[in-house]
Amino acid sequence: MPTHHSLRLERLAIGELASVDLEIAPGKIVCLSGTSGSGKSRLLRAVADLEPHGGETWLGDVAQESLPAHEWRARVMLVPAESHWWADSVGEHLADADAADIEALGFTTEVLDWQVSRLSSGEKQRLALLRAISREPAALLLDEPTANLDDTTTRRVEDWLLTRVRDRGWPVVWVAHDPAQIERVARRHLRIQGHRLEEEGQGAWV
Amino acid sequence: MGVIELEWWQLALASLMVVGLAGCTAAARLGMGKSLLIAAARTVIQLALIGLVLEALFAAERLLWVALMAFTMLLIAGREVMARQKRRLIGGWAFGIGTVAMFLSSFTVTVLTLIVIIGPDPWYRPQYAIPLLGMMLGNTMTGVALALDRLTDTAWRQRAVIENRLMLGQRWQEAIGDIRREAMRSGLMPMINAMAAAGVVSLPGMMTGQMLAGSPPALAVKYQILVMFTITLGTGFGTLAAVAAGSRRLFDGRQRLRLDRLSAPKA
């Protein structure tokens, strides 16, 4: 069920970041980069309301504060750089994954019976994306979603994500380091500089 | 059936054997000799003092004194629960949650047992009330301390898992559900094991004491069963309350995991 709401950050303050204003339209991807320790992950955590922070975040006309926290996080879903699993088999974590999505990520439906303890870090990363998306969020916060993947798989995951984002109309914040990847997936690139976000040189298409 | 008097010099003989043990551990360089002797000395001093207090209490038989004694025991147990946790909730919550949980469970079950089941006259007769409460508190304290320690320590070690579950839109109760169950289990296991082994592997201390004091075994057994059940009730409800309150306190109003509410363990 596509929802098509924009994600809006108003004077968001967390850690070093003093006052972040940002609006992401439905179906658009904004890339976020910055040196390690600059607060990229913490910014995403504030947007998902996992850490106390200042300012306000809106999904369409719904304010973060107006929803119970778990409902907000179910809509504005954060996929962390390192995923964690609590049950034994993969299937127990995936509510109802689409077979097409499973195959697009390079698995067969047998993956649902796999043991989590035997997954490689690359498999975990792809399955974590699948796990998040199978819960039908309304916006995505991706923290280095292809960090553990080889080039071919990275491209495959990017293509799949771009199609899904366009179909579902999710606003997306995508933390990335690789300039080539940023070029491929996003039209807007922000870099954390000290206390604020700075617009980076935009792609040739502008 | 009379009880054979035990003189202080006879206890001194037993203490000589403890000193002997301490000497052996010192000779073997196990580093236990000193703490063994200190613990033994504490036993003698603490029990001798409590003997004096109980003599006075039994003689006076006043509700006020019994209640005062009971609350002193409760506060000491609360302090002990706090001291046994590696990472404890700061701001007095570790003490508060442990003490209130023990108060609710131990006091309620003890008073109910006294009034409804045993029925001494008056109901607070110290000879029944104080030993019963003492056994309740001692065991509930162990259960509550184990459960809270397991809860906070596991939450600390599995914080990434808990937060990942929150990110997927789970409620805090769901995100910490497994850890809560684990904590409850570790609080209740000692009591379940004790009940399962009672009489087969071990002769429970209270029953042994009663028989040494001249009670017929059949009566001692009945009291022991009653005490086992009440202790289990107290431990169970106390652990339940402590784990519920403790896990709630690990999250704030926005269901964020707040490990900054735990103290760092002392090195």
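Hi everyone, let me start on the surface of chain B, where B:Leu6, B:Trp8, B:Leu11, B:Val44, B:Ile45, B:Leu49 and B:Leu52 make a nonpolar patch of about 780 Å². Two elements of chain B give two or more residues each to this patch: helix H1, residues 8-27, and helix H2, residues 33-60. Which of them gives the largest share? That is H2 of chain B, with four residues. One residue to click on is B:Val44, which sits in helix H2 of chain B. Please keep in mind throughout that this is a predicted model.

Let me step back to chain B as a whole. How many helices and how many strands are there in chain B? The tally is 10 helices and zero strands. Reading from the N terminus, then, you meet α-α-α-α-α-α-α-α-α-α. If you want a feel for the dimensions, the C-alpha trace of chain B spans about 70 × 55 × 40 Å along its principal axes.

Now for the place where the two chains meet. On the chain B side, 16 residues are in contact, and they touch 24 residues of chain A. Three residues of chain B deserve a look here: B:Met167, B:Leu168 and B:Arg254 supply 40% of the area that chain B buries against chain A, more than any other three residues. People often describe the size of an interface by the accessible area lost when the parts come together. For chain B and chain A, the buried area is about 1900 Å², with carbon and sulfur atoms giving 53% of that.

What about the polar side of this interface? Between chain B and chain A there are three salt bridges, and 12 residue pairs are in polar contact, both residues being at pLDDT 80 or more. Which element of chain B gives the largest share of the side that touches chain A? It is helix H6, residues 159-167, with seven residues. Sorted by type, the chain B side has five nonpolar, four polar and seven charged residues. B:Arg254 comes up again here, as its side chain forms a salt bridge with that of A:Asp49, at 2.7 Å from N to O.

Before I finish, two backbone details. Most residues other than glycine have a negative phi, and most peptide bonds are trans. In chain B, though, the peptide bond between B:Asp121 and B:Pro122 is cis, with omega about -10°. You will find B:Pro122 in the loop between helix H4 (93-118) and helix H5 (126-157) of chain B. Over in chain A, A:Glu136 is not a glycine, yet its phi is positive, about 50°. A:Glu136 lies in the loop between helix H4 (121-133) and strand E7 (139-143) of chain A. Thanks for listening!

Methods. Residues are numbered from 1 along each chain as its sequence is written. Chains are lettered from A and ligands numbered from 1 in the order in which they are written. Side-chain values use heavy atoms; hydrogens and water are left out. Patches are made of residues with over 30% relative accessible area and no salt bridge: like charges are joined within 9 Å, nonpolar side chains (Val, Leu, Ile, Met, Phe, Trp, Tyr) within 5 Å. Accessible areas come from the Shrake-Rupley method with a 1.4 Å probe; for residues, only the protein chains shown count as cover. A salt bridge is a side-chain nitrogen of Lys or Arg within 4 Å of a carboxyl oxygen of Asp or Glu. Contact means heavy atoms within 4.5 Å. Buried area is the accessible area (1.4 Å probe) that two parts lose on being put together, summed over both. A polar contact is a pair of N or O atoms within 3.5 Å; within protein, one must be able to donate a hydrogen and the other to accept it, and residues adjacent in sequence count only if both atoms are side-chain atoms. Ala, Val, Leu, Ile, Met, Phe, Trp, Tyr, Cys and Pro count as nonpolar, Asp, Glu, Lys and Arg as charged, and the others, Gly among them, as polar.
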